[in-house]
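Here are my notes on this model, point by point. Please read them with the structure open.

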Amino acid sequence: MSLTKPRLPALLKISSEKNTISRLKKDNKHLNLKLSQLQALLEEKEVQSGQSKRSMGATTSSTTSSGVDDENLHLSTSSEEQCAPATAHLSKRELSEECSATEPAQIIASRVKSSSGHDLFSASTLHASYSGVDDTAPRFYGSHFIENGRDVLREEEFPEVSAEFQETFLGHTSPITRCQFSASGNNIASASVDGTVRIWTYDSSISASRNATIYCGAEIMSLDWECKSDRLLLIGTADGGIKAWNVDAKRVVCDLNTTEAFPSVLDLKCSPVEPIFVSAASSRRLGSNSIDSLGYASLTVWNMKTWKAMTVLPLGEDPPAITSLCFNHNGKILAASATDGMIHMFDMSAGLQITGWPAHDTAISSLLFGPDETSIFSLGSDGKIFEWSLQNQGHVLWSRTCSRFSDHETSKYCRHEMALEANGRQLLVTSGSVRAPIYQVRGHSNGLRTLPHSAAITTVDWHPSLPIFLTGSADNSVRVTSIL
């Protein structure tokens with residue numbers, strides 16, 4: 001199948017130039033915000049320093065008149081300064097040891113716990129925690145953000161979720177790369193590094209007749225369930241294979257292959273309306289991790305009745321790899337994210353790209369439409385999360401930075417990804433830590449932290465209708481957690 005390079009219309013050239021100008025304005029605003037934050041920090045430090053000197057002067061005068069010498073005063077002050085951070089450090093260490101020693105059994109009930117440790121304020125933590133590109137960007141004070149006049153906890157201080165129950169699936173023997181609820185939420189598919197896919201259910205009231213183990217013979221790169229039923233599961237592999245598994249017949253009903261030039265099937269997405277799916281495949285090149293090793297992209301539309309390729313979506317010449325795909329509710333629009341930080345939008349009826357914009361300075365690893373489809377979420381490989389308006393292209397509605405939870409070691413066998421709750425109010429993100437953050441999207445409450453695994457959390461998903469989420473881990477386990 002050949003791909004003809006389309007002629008770029010004049011309107012798209014104008015749109016591209018407009019996007020470039022918008023990007024430069026955004027970068028300028030970003031830098032101005034950083035500068036204002038640092039200036040505010042400097043002013044606050046100067047005020048604190050002045051207050052400290054005045055306080056120390058008054059205390060010295062008082063202690064001198066009562067017969068206490070300056071040497072004892074300085075010794076006492078020094079001791080307090082040294083003990084405060086040491087106590088905070090001890091508190092966090094004890095909490096960490098307690099968390100790592102806690103291994104949930106098959107079903108666990110848990111209540112909210114919160115950390116009481118506090119870090120000392122520093123300019124480096126201010127910079128590391130900066131998470132916005134708009135005027136409502138949070139500012140750091142001690143262990144808290146000040147955002148829109150509200151006191152917001154740092155990620156490390158997020159309370160633990162209050163769990164109604166948690167079940168642990170131990171059927172895998174290697175790190176988990178993907179896990180996903182079926183369309184009804186009754187079945188779960190999980191894949192591991194060794195090329196094995198397991199289909200299972202967490203609810204004892206649901207028949208286990210569909211439970212199965214699928215051996216693919218290659219690393220699993222992507223999974224997706226048919227949207228209209230739980231009947232078919234699509235599996236994409238690192239050797240160019242796309243398998244369609246019928247859960248009722250318990251067999252592979254179709255075994256497709258991409259071209260040799262694009263062997264890595266990075267993502268698969270079924271249309272919510274039509275019997276088609278789209279595969280994002282990539283060539284390979286040498287690199288230090290999975291993102292760096294991705295080469296050029298190929299987007300192919302497949303017919304699920306004939307199991308044949310229908311068309312290849314245009315991306316231009318030598319396009320960077322496409323890492324994530326998502327359809328809107330009626331399947332007319334397909335969004336795709338790329339390793340060059342671009343978001344592309346396709347009109348599926350015409351088979352053409354209708355718009356696109358530069359969203360990140362790094363590769364985008366995950367992409368999701370918002371629940372009302374007036375926005376789209378993107379997660380960069382650097383841990384930055386943006387919610388983009390689709391009504392005002394290039395405008396950021398909400399943002400966070402979860403780089404504290406990123407870990408380059410986990411990228412050897414997984415991509416950083418996110419999952420959005422059905423009502424769109426909570427966003428769950430993978431983590432290099434044993435816990436993963438759950439952010440409140442544009443809400444007025446603090447985020448939460450998941451119950452701990454014993455290793456990094458490499459893949460996540462939300463139930464399609466209930467407050468239940470999946471976390472797959474490098475410790476070979478998958479956990480189903482129902483929260484109150």
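1. Contact, in these notes, means heavy atoms within 4.5 Å. By that measure, and leaving aside neighbours within four places in sequence, Leu427 is in contact with Leu368, Phe377, Ile385, Trp398, Met418, Ala419, Leu420, Pro437, Ile438, Tyr439 and Val441. Leu427 lies in strand E26. Is Leu427 buried or exposed? With a relative accessible area of 0%, Leu427 is buried, because buried means under 20%. One of its partners, Phe377, is 50 residues away in sequence, and the two C-alpha atoms are 9.7 Å apart.

2. Confidence comes next. This is a predicted model. The mean pLDDT of the chain is 77, and 67% of its residues reach 70 or more. Residues 1-5 have a pLDDT below 50, and this stretch has 8 contacts in the model beyond near neighbours in sequence. Residues 58-151 also fall below 50. That second stretch has 147 contacts beyond near neighbours in sequence.

3. On the overall make-up: the chain has 3 helices and 31 strands. Of its 484 residues, 50% count as buried. Among contacts in the chain with a separation of 6 or more, 51% join residues 24 or more positions apart.

4. Now the repeat annotation. UniProt, in an unreviewed entry, places the feature "repeat: WD" at residues 169-210, 357-392 and 450-484. How far apart are the end C-alpha atoms of residues 357-392? They lie 12 Å apart, and the span is 56% strand and 0% helix. For residues 450-484, the end C-alpha atoms lie 13 Å apart. That span is 51% strand, again with 0% helix.

5. Look at the largest pocket. Its space comes to about 1,200 Å³. It is lined by 47 residues, and Gln180, Asp224, Lys269, Leu368 and Asp461 are the closest to its centre. Which strands each supply at least two residues of the lining? They are strand E5 (176-181), strand E9 (220-225), strand E13 (264-270), strand E17 (322-327), strand E21 (364-369), E25 and strand E29 (457-462). By class, the lining has 24 nonpolar, 13 polar and 10 charged residues. Leu368, listed among the residues closest to the pocket centre, is also one of the contacts of Leu427.

6. Turn to the enclosed spaces. The count comes to 4 cavities of 30 Å³ or more. The second largest cavity has a volume of about 110 Å³. Its lining holds 11 residues, and those nearest its centre are Lys26, His30, Asp361, Lys384 and Phe386. Helix H1 (10-65) and strand E23 (384-389) each supply at least two lining residues. Which element gives the most to this lining? H1 does, with 4 residues. By class, the lining divides into 6 charged, 3 nonpolar and 2 polar residues.

7. Check Gly424. It lies in the loop between strand E25 (418-420) and strand E26 (426-429). At 10% relative accessibility, Gly424 counts as buried. Its C-alpha atom is separated by 6.4 Å from that of Gly370, 54 residues apart along the chain. Leaving aside neighbours within four places in sequence, Gly424 is in contact with Pro371 and Val441. Val441 is also among the contacts of Leu427.

8. Two backbone angles deserve a look. Most residues other than glycine have a negative phi. Trp307 is not a glycine, yet has a positive phi of about 55°. Trp307 is found in the loop between strand E15 (294-303) and strand E16 (308-312). With a relative accessible area of 17%, Trp307 is buried. Asn476 also has a positive phi, near 80°. Asn476 lies in the loop between strand E30 (468-473) and strand E31 (478-483). Is Asn476 buried or partly exposed? Asn476 is partly exposed, because its relative accessible area is 22% and buried means under 20%.

Key: Residues are numbered from 1 along each chain as its sequence is written. This is a predicted model: local features need pLDDT of at least 70, side-chain atom pairs count only at pLDDT 80 or more; totals for chains, interfaces and linings use all residues. Side-chain values use heavy atoms; hydrogens and water are left out. Buried means under 20% relative accessible area, exposed over 50%, partly exposed in between (1.4 Å probe, protein chains only). UniProt positions are given in the numbering used here, feature names are shortened, and annotations may be inferred rather than shown by experiment. On a 1 Å grid over the protein atoms alone, a cavity is a set of points where a 1.4 Å probe fits but cannot get out, and a pocket is an open set with protein on both sides within 12 Å along at least five of seven lines; lining residues have an atom within 4 Å of a point. Grid points are joined across faces, edges and corners, and a volume is the space filled by probe spheres set on the points. Ala, Val, Leu, Ile, Met, Phe, Trp, Tyr, Cys and Pro count as nonpolar, Asp, Glu, Lys and Arg as charged, and the others, Gly among them, as polar. pLDDT is the predictor's confidence in each residue, from 0 to 100.
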